[in-house]
Amino acid sequence: MKIRFEGLTKRFPNRDKRIKTEVVAVDHFTFEIPDGKLVGLLGPSGCGKSTALNLICGLETPTEGRLFFDEDDVTDIPAENRGVGMVFQSYALYPHLNVKKNIMFPLQNLKGDKKMTKEQMEQKALEAARIVQIEELMDRRPNEMSGGQQQRVAIARALVKMPRVLLLDEPLSNLDARLRIQTREEIKRIQNETKITTVFVTHDQEEAMSISDIIVVMKDGAIHQIGKPQEVYDQPKNLFVAKFLGTPPINVFNGKIEGGSLVIGNEKVLGKDFVKDTPNQEVFVGIRPEGLLLREGKDGKQTGSEGAFTTELLAIEVMGRDTSVVFSHTASEIAGTRHRAIVSSDNAIDPEKKNVAFDLNPKKVFVFSKDTQERLL
Ligand SMILES: Nc1ncnc2c1ncn2[C@@H]1O[C@H](COP(=O)(O)OP(=O)(O)OP(=O)(O)O)[C@@H](O)[C@H]1O
Ligand SMILES: [Mg+2]
């Protein structure tokens, strides 16, 4: 099922009554989630992710705008009639009920022709448990299971009514690193199998990138960019999105466009082909760690020569397949930042050297306006 937002907005009065301004938790959302896709809502804490989910499931009513499931306007339909399954951040299983009873719980209050017999409910619970592979644990209580198993019970409970939409609010936040990766693959598999339109909330960009068909990058209630993870990574629309995606993060410098060249410090790092006809101005230059190509390793040219980006070498960190070259630069956006280039471990660098020079891969260099922080090149 498609989910369509039309100018959907949620404003909260400020918690501090003396302050008259409102908090705009969700600011005029207008976009469509295609049928059967897994969408990652990604953004820093407080940007409105949970509020967006609560609007979809009906736990919050919008201040403005409409919400559609396929062609049906569901804005005024109560939560229990929307056919939405939700897994909350704290997955909140009932501690005194075993797994089977926890999963069956949402089926017990069904009314009219939807009402089920005990046998039917048990059958549905077993089917949901099979999807998340916990059918052997049906008699256990929550405190007799690992975090990951409890997480799966919560997902089974959300799936048991075969919802039209599945909402997951930071469902992996309580798991350790290994279990997180396992469970996120599990969620991807379940979603693939059931084809239920799913919205997955996280503030972890790597998590969102790895499982989403589409990511929605948010900040302060507003959508900054929507697209396939790789597209958003390769073509960030503004400085915020560029900085939010990628580990290690993008390196940002103060630079300028001057007479057909991109200049950082006093070096022309890229030329006319890159800059095109952009007028002279001060800019932010973002360079992905993999966009910095070791110069000496390649052709033996010295630092300071034409086209080089010369930096101060701080450290070399060998990490198996890759090597991190840690460096600083006086034109850093935030003075004193330790920047990183990721290069192949085959390139030996003398850690005693004072400077290291790079060529730039123009596909990995983004230029942003100093005024608007929107991308120019
Ligand atoms: N019931 C409420 N009353 C007033 N303000 C609220 C209410 N719920 C949320 N907010 C505010 O709305 C904004 C968005 O909150 P929300 O919980 O949606 O953020 P989030 O992106 O889910 O954050 P997190 O990653 O920390 O869970 C925040 O500024 C929050 O303080
Ligand atoms: Mg939240």
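**Exercise 1. Find the share of long-separation contacts in this predicted model.**

Step 1. Set the contact rule: two residues are in contact if their C-beta atoms, placed from the backbone, lie within 7 Å.
Step 2. Keep contacts in the protein with a separation of 6 or more.
Step 3. Residues 24 or more positions apart account for 66% of these.

Ground rules: residues are numbered from 1 along each chain as its sequence is written, and chains are lettered from A and ligands numbered from 1 in the order in which they are written. Local features need pLDDT of at least 70, side-chain atom pairs count only at pLDDT 80 or more, and totals for chains, interfaces and linings use all residues.

**Exercise 2. Describe how the protein is divided into domains.**

Step 1. Take the bounds from an automatic or database domain assignment.
Step 2. Domain 1 covers 3–244, and domain 2 covers 251–369.
Step 3. Their centres, taken over C-alpha atoms, are 40 Å apart.
Step 4. Five residues of domain 1 contact five residues of domain 2.

**Exercise 3. Work out what surrounds ligand 1.**

Step 1. Apply the cut-off: a residue is near a molecule if its C-beta atom, placed from the backbone, lies within 6 Å of it.
Step 2. There are 13 residues around ligand 1. Phe12, Ala25, Ser45, Ser50 and Thr51 come nearest.
Step 3. Look for helices (H or I, at least four residues) and strands (E, at least two), which are DSSP runs numbered from the N terminus. β2 (22–33) and α1 (49–57) each give two or more residues.
Step 4. α1 gives the most, with three residues.
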